[in-house]
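User: I would like to go through this model and ask, for each label attached to a residue or to the chain, what justifies it. Please set each value against its cut-off before you conclude.

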Amino acid sequence: LDLSTQTIVLTSPVQNDTSNILSKTFSWQSIYNAENYLFELWQPTTSGTLVSTQIVSTSTIQANLNDEGAYSWRVKASNALGSTFFSTRNGFADTTRPQSPLLLNPSNNAILTNRYVTFDWVRPSQSGSSITDSLIIAIDTNFLQLYKTYTIKSSTIGDSLISGAYFWQVYSRDKAGNKSKGSLIRKFSVQ
């Protein structure tokens, strides 16, 4: 019956979870002889603002974050004789779409004599979760005939291309799954 030596195992969301959802389902493993569970949701940490506190008899709860950013959630079990210590996890909510990348090189309508082409772009300054970019190269302006695609964490990549006309565009996607609008489309030719 003594819960003070037991530990609650938190199951979902996982530690350091990053998502674009503010309404979350929190779950943990039940503890034998627990009468209820105290759930707390904090932003950005457990020394910040208490967003939600609930006492429940189940091992799952639905709660809403106030806003995007860091959060912590914790649970402890109790009965008439005492309680466990809190088990805590941290996460990050990011609902903001990254800004569109700005293309640098090759410039629009560039005619290149070297078949090795270096693609460069910049991401506008932004906060939020980490970013991955998708570079898309097509042989038509509508991007129906894709030539190559790359998914990379940096903002530069090079590759050898055959002679011809190409169109390129870059999208950014953050760790939470938010996708930017596409960059402007640029055309270039390799001779």
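Analyst: Let me begin with Gly-158, which, apart from neighbours within four places in sequence, is in contact with Tyr-116, Val-117 and Thr-118. Please keep in mind throughout that this is a predicted model.

User: What makes those residues contacts of Gly-158, and where does Gly-158 lie?

Analyst: Contact means heavy atoms within 4.5 Å, and Tyr-116, Val-117 and Thr-118 are in contact with Gly-158 in that sense. Gly-158 itself lies in strand S15, which covers residues 156-160. Between the C-alpha atoms of Gly-158 and Pro-106 there are 11 Å in space, with their positions 52 residues apart in sequence.

User: Why is Gly-158 called partly exposed?

Analyst: The relative accessible area of Gly-158 is 26%, and buried means under 20% while exposed means over 50%. The value for Gly-158 falls in between, and therefore the residue is called partly exposed.

User: Why does Trp-28 count as buried?

Analyst: Trp-28 has a relative accessibility of 3%, which is under the 20% limit for buried residues, so the label follows for Trp-28. Trp-28 is located in strand S3, residues 23-28. From C-alpha to C-alpha, Trp-28 and Ser-47 are 22 Å apart in space, and they are 19 residues apart in sequence.

User: How do you know that Ser-87 is buried, and what does its side chain reach?

Analyst: Ser-87 has a relative accessible area of 11%, again under 20%, so Ser-87 is classed as buried. Ser-87 belongs to strand S9, residues 87-93, and its side chain reaches the backbone oxygen of Ile-8 at 2.7 Å. Setting aside neighbours within four places in sequence, the residues in contact with Ser-87 are Thr-7, Ile-8, Leu-10, Trp-73, Arg-74 and Val-75.

User: What makes the pairing of Arg-115 with Ser-163 a polar contact?

Analyst: The side chains of Arg-115 and Ser-163 come to 2.9 Å, and a polar contact needs a pair of N or O atoms within 3.5 Å, one able to donate a hydrogen and the other to accept it; the pair therefore meets the distance limit and is listed as a polar contact. Ser-163 is one of the residues that Arg-115 touches beyond four places in sequence, and the others are Asp-159, Ser-160, Leu-161, Ile-162, Val-190 and Gln-191.

User: Is Arg-115 buried or exposed, or in between, and where is it placed?

Analyst: With a relative accessible area of 43%, Arg-115 lies between the limits of 20% and 50%, and so it is called partly exposed. Arg-115 is placed in the loop between strand S11 (110-112) and strand S12 (116-122). The C-alpha atoms of Arg-115 and Thr-46 are separated by 55 Å, the two residues being 69 residues apart along the chain.

User: Which peptide bond before Pro-13 is cis, and which one before Pro-44?

Analyst: Ser-12 and Pro-13 are joined by a cis peptide bond with omega about 0°, and Gln-43 and Pro-44 by another cis bond with omega about -5°. Pro-13 is in the loop between strand S1 (10-12) and strand S2 (17-19), while Pro-44 is in the loop between strand S4 (36-43) and strand S5 (49-56).

User: What is the sign of phi in Asn-16 and in Phe-143?

Analyst: Phi is positive in Asn-16, near 60°, and positive in Phe-143, at about 60°; neither Asn-16 nor Phe-143 is a glycine. Most residues other than glycine have a negative phi. Asn-16 sits in the loop between S1 and S2, and its relative accessible area of 48% makes it partly exposed. Phe-143 sits in the loop between strand S13 (131-138) and strand S14 (146-152), and at 15% Phe-143 is buried.

User: Why is the protein chain described as more spread out than a compact globule?

Analyst: The protein chain has zero helices and 17 strands. Its radius of gyration is 24 Å, well over the 16 Å that the globule rule gives for 191 residues, and therefore the protein chain is described as more spread out than a compact globule. The C-alpha trace spans about 80 × 25 × 25 Å along its principal axes, and 40% of the 191 residues count as buried.

Key. Residues are numbered from 1 along each chain as its sequence is written. This is a predicted model: local features need pLDDT of at least 70, side-chain atom pairs count only at pLDDT 80 or more; totals for chains, interfaces and linings use all residues. Side-chain values use heavy atoms; hydrogens and water are left out. Helices (H or I, at least four residues) and strands (E, at least two) are DSSP runs, numbered from the N terminus. Buried means under 20% relative accessible area, exposed over 50%, partly exposed in between (1.4 Å probe, protein chains only). The radius of gyration is taken over C-alpha atoms; the globule rule is 2.2 Å times the number of residues to the power 0.38.
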